[in-house]
Amino acid sequence: MKKNINLYKFKELDSTNDYLERNHKNYEEFDVICTKNQTHGRARRQNDWVSMEGMAIFSFFLEERENWKIEDYLKLPLIAGLATIRGLRGIENLEYKFKWTNDVYLENKKLCGILIEKIDDVYIVGIGINVNNILPGKLKNKAISLTQLTNKKYEIEKIIKNIISEFQMLCEKLENGLWEDILKEINEMNYLKNKKIELKFGNEKVLGIAQDINENGEIEVLVKKDEAGKGEIKSFSIGEVFEKIKIF
Ligand code: BTN
């Protein structure tokens, strides 16, 4: 499955995901569309992604595979998160954390966001990482960039290539039945573990203490039954997570 990584570089695009949605038929699997800036960067849940020069902004796609089940594709956000962490570690070895479902955190702040979308028979993976950019004041409490922590400048193309190559290796591992190993690695960097969280999905919300990510890629949450009663573990495959107070 592993192939040479071709980078297609742009100065500015609306969104690298949107570009690939329109043009994926002209590219090959794992070709990378990267840009210095986006005019309409998109995040999950119809939110905007603030793009700026110095970020790693890129998208690529995975073709549907005959030997994959639907459950395998549901693991893609986790695989993309782990590939990002591994790829970054190869450049700068820091304490990256994986925040379920698909964010990378550093020093308790968001370093990277991932947006995966299906169009026709391909899964588009879009990744935005704060690398050499300085975050504007209003985001400084929530987000962090590599350069803000280390005062170094990084080669963005190198980071991107590392991540794509890790992503390819992890897909191969998944195909070879090694999901348990991948999951173990992800759980070792589980940002939410033991944190008090509120999980919102649709009109519902639950409050509890996050546990491990289970074999289906779902987050397990210890939900309190009642004042006297013991907790109950529930698992969730989707949802927006809000941190409450830390519990150790
Ligand atoms: C999120 O945090 O909810 C996901 C953010 C994903 C941002 C990246 S930047 C490259 C690609 N193009 C987009 O428009 N979005 C993704």
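**Group meeting: the ligand site and two pockets**

Okay, let me start with a loop: R45 sits in the one between β2 (32–38) and β3. This is a predicted model, by the way, so keep that in mind throughout. What's odd about R45? Its phi is positive, about 55°, and yet R45 isn't a glycine. For background, most residues other than glycine have a negative phi, and most peptide bonds are trans.

That second half brings me to another backbone oddity. The peptide bond between W100 and T101 is cis, with omega at about 5°. Where is T101? You'll find T101 in the loop that runs between β4 (97–99) and β5. Hang on to T101, as that residue comes back later.

Right, on to the ligand. There are 20 residues around the ligand, and the ones that come nearest are S15, Q38, R42, R44 and K110. Let me go through some polar contacts. Q38 uses its side chain: a polar atom there lies 2.9 Å from a nitrogen of the ligand. R42, on the other hand, comes in with its backbone, where an N or O atom is 2.7 Å from a ligand nitrogen. And R44 also has a backbone N or O atom in play, this one 2.8 Å from an oxygen of the ligand. So how much of the ligand does the protein cover? On its own the ligand has 410 Å² of accessible area, and the protein covers 98% of that.

Where does the ligand sit? In the largest pocket. If you look at which elements give two or more residues to the shell around the ligand, you get α1 (16–23), β3 (56–63), β6 (109–119) and β7 (122–129). β6 has the largest share of that shell, with four residues. By class, the shell splits into seven nonpolar, nine polar and four charged residues.

Now the pocket itself. The volume of the largest pocket is about 1,000 Å³. It's lined by 44 residues, and those closest to its centre are A43, R44, W49, D103 and K110. The elements giving two or more residues to this lining are α1, β3, β5 (103–106), β6, β7 and β12 (240–246). Which element gives the most? β6 again, with five residues. The class split for the lining of the largest pocket is 17 nonpolar, 16 polar and 11 charged.

Then there's the second largest pocket, with a volume of about 670 Å³. Here we've got 26 lining residues, and nearest the centre are R44, P77, T101, I116 and I238. So there's T101 from the cis bond, and R44 is on that list too, having already turned up among the residues nearest the ligand. Which elements supply at least two residues each to this lining? They are α2 (70–74), α3 (76–89), β6 and β8 (195–201). The largest share of the lining of the second largest pocket comes from β6, with four residues. For the class split here, take 11 nonpolar, eight polar and seven charged.

If you keep one element in mind, make it β6: the largest share of the ligand shell comes from there, β6 gives the most to the lining of the largest pocket, and the second largest pocket also gets the largest share of its lining from β6. That's my bit, thanks.

Terms used: Residues numbered from 1 in each chain as written. Predicted model: local features only at pLDDT ≥ 70, side-chain atom pairs only at ≥ 80, totals over all residues. Heavy atoms only, no water. Near = heavy atom within 4 Å. Polar contact = N/O pair within 3.5 Å; in protein donor to acceptor, adjacent residues only side chain to side chain. Areas by Shrake-Rupley, 256 points an atom, 1.4 Å probe, with all protein chains shown as cover. 1 Å grid on protein atoms, 1.4 Å probe; cavity = no way out; pocket = protein on both sides within 12 Å on 5 of 7 lines; lining within 4 Å. Sits in = over half its atoms within 2 Å of the grid points. Nonpolar A, V, L, I, M, F, W, Y, C, P; charged D, E, K, R; others polar. Points joined across faces, edges and corners; volume = space filled by probe spheres on them.
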